[in-house]
Amino acid sequence: MNFLSTFVTFENLHEVRRLCHWGPVIALSVIAICSTMAVLDSIIWYWPLDTTGGSINFIMLINWTVLILYNYFNAMFVGPGYIPIGWKPENQQDTQYLQYCRVCQGYKAPRSHHCRKCNRCVMKMDHHCPWINNCCGHLNHAYFTSFLLLAPLGCSHAAIIFIMTMYTQLYERISFGWSTVKIDMSAVRQFQPLMPFSVPAFAATLFALGLALGTTIAVGMLFFIQMKVILRNKTSIESWIEEKAKDRIQHYQTGEDFTFPYDLGSRWLNFKQVFTWSGTPKGVGFEWPVHPKCHQHTLTIEQLKQKADKRVRSVQYRALEDYNGACCPVSKGFQTFFRTPCTEEPRIPLNKGDTILATRAGDRVRGWFPRRCVEKCHYDTAASDSTSDKKVN
C-alpha cells in the first residue's frame with residue numbers, strides 16, 4: 001500500500017520524469033532482461049507445474065522481481081526528504097553553528113547537504129544516485145539499501161537458472177571428436193521442452209547471464225559499502241567529513257578529540273535508525289539522537305572549521321594550455337581520458353594563462369578539468385578575488 005500511495009500523493013506529475021534518464025532506463029532494462037529470460041528459461045529447464053521444486057523456484061523468481069521493483073520505485077519516488085525552502089532553526093542562536101544555503105535561501109539542518117542535481121538541501125544526504133535519478137537520504141535510505149540487497153540475490157538466482165538451462169539443453173547436443181567439440185543446436189532430444197532452445201535463445205541466455213553476474217558483483221559491493229556506514233549511523237558524506245576532521249586535527253596539531261556524534265555505540269541501535277517495521281526511519285530530519293559526549297551541532301561546527309580551513313589551504317594553479325570543456329578529452333592523452341570522472345560533474349573550459357584556486361570554499365564555480373592543463377603557482381595568491389574554485393585531476 002505504501003507503494004501505491006506514493007503515486008497517489010504526487011503533488012506534481014513531474015516526478016514521473018525521473019524515469020526519463022539514462023540511469024533508470026539502464027537499471028530497469030537490466031531488471032526486465034534478467035527477469036524475463038529467467039522466467040522463460042525456468043519454463044524450459046524446470047517446468048513449474050510438474051514438481052513442487054519447480055513451483056517453488058518459479059514463485060521465488062517472481063517474488064524477487066516484485067520486491068526489487070517495489071524497493072527501487074520507492075527509493076526513486078519517495079525521495080530522501082528535503083529541507084523546506086527558507087528553513088531556520090527554532091532557536092535563532094543556533095544559526096551561528098549552521099551553514100547558509102544561498103540557493104535554498106535558508107540554513108542547512110544538521111546532517112543535510114545541498115544537492116546540485118536535485119537543487120535542494122537534502123535531509124541526511126548520503127549521495128545522489130544516477131540509477132534512481134534521485135538522492136539517497138533520510139526517507140529512502142532503507143528502500144535503497146534493500147534494493148541493493150535484493151538485486152544481487154535475485155540476479156544470483158537468475159544466474160543459476162541460466163547456467164542450468166544451458167547445461168541441460170546442451171548436454172545431449174555436444175559431441176566430442178578428435179581435438180574437436182561440436183554443438184548441434186538442431187539435435188532432437190528425447191524430451192521436448194514446451195519452448196525450443198535455439199541459437200538465439202542460447203545467445204540471449206548467455207547475454208542475460210553476463211548481466212546477472214555483473215549486477216551481482218557491482219551492486220553487491222555497493223550493498224556492503226552502504227551497510228558499513230549504516231551500522232555506524234553515518235552517511236557516505238559524513239564518513240568523508242570525519243576523515244577530513246582527523247586530517248585537520250593532525251595537520252594543525254590542535255589536540256582536539258573529535259567524536260562522531262551520531263554513532264550510538266551499538267550496531268543494532270544504529271541499524272534501527274534506518275530500518276524500521278513501518279518502513280519510515282526514525283527522526284523528523286532536523287534533530288537526531290547523539291552520542292553522550294556530543295550535541296546537535298557537533299558535526300556542523302566541524303564542517304564550519306573545515307570550510308574555513310579550505311580557504312587557508314587552497315592551492316593556486318595557472319593554466320598552461322587551452323581546454324574546450326569536452327566530456328572525454330581524447331586530445332589530452334590516454335591517461336587523462338581513462339581517468340576522466342564517470343559523473344555528470346560539469347567540465348570547465350580553460351584558456352591559457354587563467355588562474356584557478358583549487359578549493360571548494362566560497363561562492364565559486366565548481367567542476368572538473370584535466371590536471372595536465374595546469375601547473376601549481378609558487379606564489380601565494382589564494383586570496384585573489386579573480387580565482388575560481390575548480391577541481392583538478
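How many helices and strands are there in the protein? There are nine helices and 13 strands, both taken as DSSP runs numbered from the N terminus (helices H or I, at least four residues; strands E, at least two). The model is predicted, so local features need pLDDT of at least 70 and side-chain atom pairs count only at pLDDT 80 or more, while totals for chains, interfaces and linings use all residues. Residues are numbered from 1 along each chain as its sequence is written, and side-chain values use heavy atoms, with hydrogens and water left out.

Of the 393 residues, 43% are buried, meaning under 20% relative accessible area, with exposed over 50% and partly exposed in between (1.4 Å probe, protein chains only). The largest nonpolar core (buried Ala, Val, Leu, Ile, Met, Phe, Trp, Tyr and Cys residues joined through side-chain atoms within 4.5 Å) has 26 residues, and Tyr72, Phe144 and Ile230 are among those touching the most other members. Helix 2 (22–45), helix 3 (52–77), helix 4 (141–171) and helix 5 (199–230) each bring at least two residues to this core. Apart from it sits another core of 19 residues, including Val30 and Phe162.

Then there are the salt bridges, seven in total, each a side-chain nitrogen of Lys or Arg within 4 Å of a carboxyl oxygen of Asp or Glu. Arg318 pairs with Glu375, the closest N and O atoms being 2.9 Å apart. This pair links strand 9 (residues 315–319) to strand 12 (residues 374–376), 57 residues apart. Glu256 and Arg248 meet at 3.1 Å, N to O; Arg248 is buried at 6% relative accessible area, whereas Glu256 is partly exposed at 33%.
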